[in-house]
Amino acid sequence: MASNQTNNQLRVPPRDSNRRSRTRTPSFLTWSKYTPFSYEFVQDYDAADVKISFQRGDHGDGYPFDGPGPYNLLAHSFPPTDGRFHYDGDENWTVGAVPGAVDMQTVALHELRHVLGLAHRP
Ligand SMILES: [Zn+2]
Ligand SMILES: [Zn+2]
């Protein structure tokens with residue numbers, strides 16, 4: 001079976017739709033080490049396989065966020081071929097371990113497994 005690099009390529013928008021994110025989540029690079037996927041950033045949000053955005057409250061996908069607080073809903077994502085990955089925009093996001101804030105990359109590492117089609121362990 002020939003491997004086709006193109007078929008395994010996930011396209012990711014360069015930043016979230018409302019431009020609050022300044023990071024190009026290195027979590028993708030972590031997953032690329034353990035999966036047959038590779039990643040490239042694309043300008044066209046609609047053409048991306050993985051669509052990352054910040055959303056607030058009831059944002060129309062049937063899974064409303066619940067406002068700020070580190071021990072409630074932080075993010076969710078949808079399996080292939082949907083590829084949407086939503087951060088709760090009301091949380092205090094940061095990069096790295098900061099008291100009172102939530103590390104974006106830790107959450108991304110978890111959610112990206114769902115975007116790739118992996119569920120939680122039974
Ligand atoms: Zn959502
Ligand atoms: Zn999960």
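Student: Over which residues, among them residue 1, does pLDDT stay under 50, and how many contacts beyond four places in sequence does the model have for them?

Tutor: pLDDT is the predictor's confidence in each residue, from 0 to 100, and two residues are in contact if their C-beta atoms, placed from the backbone, lie within 7 Å. Where pLDDT is low, the predicted coordinates should not be read in detail. Here pLDDT stays under 50 over residues 1-7, for which the model has one contact beyond four places in sequence. Residues 15-23 also stay under 50, with 13 such contacts in the model.

This is a predicted model, in which local features need pLDDT of at least 70 and side-chain atom pairs count only at pLDDT 80 or more, while totals for chains, interfaces and linings use all residues. Residues are numbered from 1 along each chain as its sequence is written, and chains are lettered from A and ligands numbered from 1 in the order in which they are written.

Student: Which element of the chain has the lowest confidence, and which the highest?

Tutor: Strand β1 (residues 9-12) is lowest, at a mean of 58, and β5 is highest, at 95. The chain averages a pLDDT of 79.

Student: How many helices and strands does the chain have?

Tutor: Helices (H or I, at least four residues) and strands (E, at least two) are DSSP runs, numbered from the N terminus. The chain has two helices and seven strands, in the order β-α-β-β-β-β-β-β-α.

Student: Which residues of α2 are buried?

Tutor: A residue is buried if 20 or more other C-beta atoms lie within 10 Å of its own, exposed if 12 or fewer, and partly exposed in between, with C-beta atoms placed from the backbone. In α2, these are Met104, Val107, Ala108, Glu111, Leu112 and Val115. Seen down the helix axis, the buried residues of α2 fall within an arc of 130° (taken over the directions from the axis to the C-beta atoms), so they line one face of the helix. An α-helix has 3.6 residues a turn, so residues three or four places apart point the same way.

Student: What covers that face of α2?

Tutor: The cover of its buried residues includes α1 (27-34), β4 (75-77), β5 (84-88), β6 (93-94) and β7 (102-103).

Student: Is glutamine 55 buried or exposed?

Tutor: Glutamine 55, in strand β3 (residues 51-55), is buried because 22 other C-beta atoms lie within 10 Å. Leaving aside neighbours within four places in sequence, glutamine 55 is in contact with Phe65, His86 and Gly89.
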